[in-house]
Amino acid sequence: MEYDSFKMKINLSRKFHPSVTKKCYMPGVEKRSKVNLLCSNMDKGKSKVIAIRTILFRALFASNRRQLTFCWNSDCLSSDSEPSHTDFQHTGYGSSSTQSKFHAYRTEQPVETWMSEDDNSEDSDMPYLKLQEANNIFKAVYKEIMTIAFEAKYYIKALPALGSIEEFQKLFRISPPPGVRLETTTETAIVPIPARTLCMNLMDLDSWHASMSHIFQYVGGNMPDDVFQDLKHEDPSILHVEKVNVEFHLPTPFAAVRKFSFLRFLKEVMPDELWAIIDVSEDYFHDFGNMTERKCRRRPSAVLVRARDDHSEVIWIENMEVPKRSQLRDDTYSALISSDEAFSAKRWVNALLWNLKRLRGTFFMQEIKWGRPSYLSLLSLTTNMRMDFMKCLRGSPDDRDWTILTDHGMRIMQDATGRSHEACNICGYTSVVSFQIQAKPQLVFQYLVQKNRQLQWLLLLDEEAKEILRFAADDESNLVTLHQRPAITKKDWKTEEYFLQEASWDGFCYLIISATMNQADVFFSLIERYKDVELKPSGFAIVPDGPESSLVTFSLQEDLLVPDAETGIRVKGYVTNRIISEIMEEMAGVLEEKS
């Protein structure tokens with residue numbers, strides 16, 4: 001069957017008709033029930049076929065529900081199995097991964113499902129039938145993620161018995177349409193956070209985005225259709241459900257993004273021991289005619305969270321349909337987007353571990369003269385700075401924030417928020433450009449951490465600046481510094497200006513983000529915690545682009561006193577190109593010294 005003509009139709013009369021005999025022995029139904037009476041009259045008209053179909057569906061669901069209300073027990077889990085640990089083992093961190101090879105044997109041809117168009121069931125039965133359809137599909141989603149975890153040989157040692165849902169489960173094993181491939185990866189890890197807290201963070205979409213803004217952009221979410229709210233009430237193990245719209249992206253505006261719309265469920269598998277945060281595309285439940293229109297589609301994916309005292313043992317499953325490399329609009333970044341690392345389960349787990357280590361950082365230096373800053377205020381400030389920085393790197397920035405002036409090789413944008421001093425011809429401009437450096441990302445990162453302050457603060461001598469704050473994770477995967485130097489105001493008043501920088505890496509992406517601050521910004525945001533200040537972050541994002549190469553994206557945000565936008569474009573283009581030329585020349589010298 002061609003994918004374009006694929007319709008989700010299970011013919012229930014075909015499925016159940018062989019079971020309908022003169023005696024009609026159905027689970028949970030008495031022999032001489034209404035089913036038995038209808039069986040003898042099946043040949044008397046279509047309305048009776050519809051009636052028996054509805055009653056049989058209810059009887060089957062009632063029978064299955066008694067088995068499925070709570071199907072898991074301790075036999076489904078392995079208490080002895082331990083995940084492989086990495087170098088973080090001594091601090092309570094650990095992970096191991098499997099690049100799943102399900103592509104060949106986990107795909108089958110499309111199946112025919114559900115109700116034909118000529119069914120004329122009574123209106124009163126349709127909400128019930130939709131609810132039962134959604135219930136069966138959700139069970140199939142749940143069994144599919146457990147199957148993936150079981151095949152990856154993690155701590156799941158048995159599959160849940162969920163009744164006759166095989167035909168529904170085949171929905172997730174059909175071959176992708178032309179031009180689309182299936183990407184399935186898994187990862188397991190021990191993370192130092194209580195299981196309930198981790199589940200709450202993943203279900204709080206704003207919190208999830210704030211901690212992972214360098215991987216995806218949260219476009220929006222809302223409460224799903226009524227049928228899913230009814231499903232939540234029907235199945236007590238479903239604690240919450242949300243509809244989510246996101247964009248997975250690389251840290252460059254010139255690469256294709258992956259847009260997803262899906263449902264996120266929180267399911268309690270075993271009380272106080274095991275939970276599942278489950279993602280699945282909404283179109284598996286309805287609107288099947290648009291399956292081929294969406295290039296990216298989230299097949300059953302999940303984070304399984306198992307409580308281990310004050311830690312969590314997670315299994316992360318990424319399972320999605322994405323465009324093949326040949327379908328991407330720009331071949332320059334197609335290899336990077338299509339790599340196994342960019343949006344793999346391992347990438348998400350490493351980002352989670354990085355964020356937890358960031359939250360557990362320590363002050364190694366604090367010499368601010370007004371008092372000791374709060375680490376929560378510092379992390380909140382740098383989180384907002386990172387989110388604003390990533391907004392500039394989006395493929396389609398919000399037109400409420402930015403107006404794109406040019407997008408040919410280098411993107412130059414003008415501030416559209418009205419925060420600049422238009423009366424004085426002072427306006428905010430941002431330039432974004434991506435370029436390659438023939439060096440490994442870690443070497444480029446180490447060089448730019450030192451160079452960034454000189455480039456954006458226009459320092460002639462590094463001794464002019466004094467480091468007055470240092471906050472770092474135990475392995476320095478995240479480092480926040482604050483530098484101070486003397487400054488002169490327009491009225492010749494002596495003051496100080498500050499340079500806040502956060503340098504971090506999650507194993508795949510390296511970020512160096514910074515912004516200048518004045519005395520009031522530092523005092524009110526870090527010491528008094530009086531208000532959030534609006535910073536204008538600039539910086540670098542670095543990702544691997546081959547074994548010995550890096551893709552570097554540079555964003556520079558500043559206010560310019562120029563008469564018009566055309567002049568602003570010329571000034572920003574000149575300044576940005578000068579900085580890139582300087583970086584390339586100095587990196588060539590660094591590589592020569594290394595060799």
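Reader: In which strand is Thr 516 found, and is Thr 516 buried, partly exposed or exposed?
Author: In this predicted model, Thr 516 belongs to strand E17, which covers residues 510–518. Buried would require a relative accessible area under 20% and exposed one over 50%. Because the relative accessible area of Thr 516 is 46%, the residue in strand E17 counts as partly exposed.

Reader: Which residues does Thr 516 touch, if those up to four places away in sequence are not counted, and how far in space is Thr 516 from Arg 453?
Author: Leaving out residues up to four places away in sequence, Thr 516 touches Trp 457, Tyr 498, Phe 499 and Leu 535. Arg 453 is 63 residues from Thr 516 in sequence, and from C-alpha to C-alpha the two are apart in space by 9.8 Å.

Reader: How many helices and strands does the chain have, and what percentage of its residues is buried?
Author: The chain has 14 helices and 19 strands. Among the contacts in the chain with a separation of 6 or more, 69% are between residues 24 or more positions apart. Of the 595 residues in the chain, the buried ones make up 56%.

Reader: Which residues of the largest nonpolar core touch the most other members, and what does Val 246 touch?
Author: The largest nonpolar core has 74 residues, and those touching the most other members are Val 191, Trp 208, Val 246, Leu 482, Leu 500 and Met 517. Another core lies apart from it, with 39 residues, including Ala 140, Tyr 154, Ile 278 and Ile 315. As for Val 246, when residues up to four places away in sequence are not counted, its contacts are Trp 208, Phe 216, Gln 217, Tyr 218, Val 219, Arg 258, Lys 259, Phe 260 and Phe 262.

Reader: What distance do the end C-alpha atoms of helix H14 span, and how does that compare with the span expected at 1.5 Å a residue?
Author: Helix H14 runs over residues 565–594 and has 30 residues, so at 1.5 Å a residue it should span 44 Å. The expected span is 1.5 Å times one less than the number of residues. The end C-alpha atoms of H14 agree with that expectation, being apart by 43 Å.

Reader: Which residue caps the N-terminal end of H14, and what covers the buried residues of H14?
Author: At the N-terminal end of H14 the cap is Asp 564, which has a side-chain oxygen 3.3 Å from the backbone nitrogen of Glu 566. The buried residues of H14 include Thr 567, Ile 579 and Met 587. Among the elements that cover the buried residues of H14 are strand E11, strand E12, strand E13, helix H12, strand E18 and strand E19.

Reader: Is helix H4 mostly covered or mostly uncovered, and which residue with a positive phi follows H4?
Author: Helix H4, residues 126–151, reaches 37 Å from its first C-alpha to its last, close to the 38 Å expected. H4 is mostly covered, since 20 of its 26 residues are buried. In the loop between H4 and helix H5, a residue with a relative accessible area of 73% counts as exposed. This residue, which follows H4 and has a positive phi near 65°, is Lys 153.

Reader: Where is Arg 299, is it buried or exposed, and how far from a polar atom of its side chain is the backbone oxygen of Phe 172?
Author: Arg 299 lies in the loop between E7 and E8, and because its relative accessibility is 0%, Arg 299 counts as buried. Phe 172 is 127 residues away in sequence, but the C-alpha atoms of Arg 299 and Phe 172 are 6.6 Å apart. Between the backbone oxygen of Phe 172 and a polar atom of the side chain of Arg 299, the distance is 2.8 Å.

Reader: How do the axes of helix H10 and helix H11 cross?
Author: Trp 354, Arg 358 and Leu 359 of H10 make the contact with residues of H11 that include Tyr 375 and Arg 386. The residues of this contact divide into 4 nonpolar, 2 polar and 2 charged. The axes of H10 and H11 come within 11 Å, and they cross at roughly 140°.

How values were computed
Residues are numbered from 1 along each chain as its sequence is written. This is a predicted model: local features need pLDDT of at least 70, side-chain atom pairs count only at pLDDT 80 or more; totals for chains, interfaces and linings use all residues. Side-chain values use heavy atoms; hydrogens and water are left out. Axes are lines fitted to C-alpha atoms, for helices over the stretch in contact, and angles run from 0 to 180 degrees between N-to-C directions. Helices (H or I, at least four residues) and strands (E, at least two) are DSSP runs, numbered from the N terminus. Contact means heavy atoms within 4.5 Å. Ala, Val, Leu, Ile, Met, Phe, Trp, Tyr, Cys and Pro count as nonpolar, Asp, Glu, Lys and Arg as charged, and the others, Gly among them, as polar. Buried means under 20% relative accessible area, exposed over 50%, partly exposed in between (1.4 Å probe, protein chains only). A nonpolar core is a set of buried Ala, Val, Leu, Ile, Met, Phe, Trp, Tyr and Cys residues joined through side-chain atoms within 4.5 Å. A polar contact is a pair of N or O atoms within 3.5 Å; within protein, one must be able to donate a hydrogen and the other to accept it, and residues adjacent in sequence count only if both atoms are side-chain atoms.
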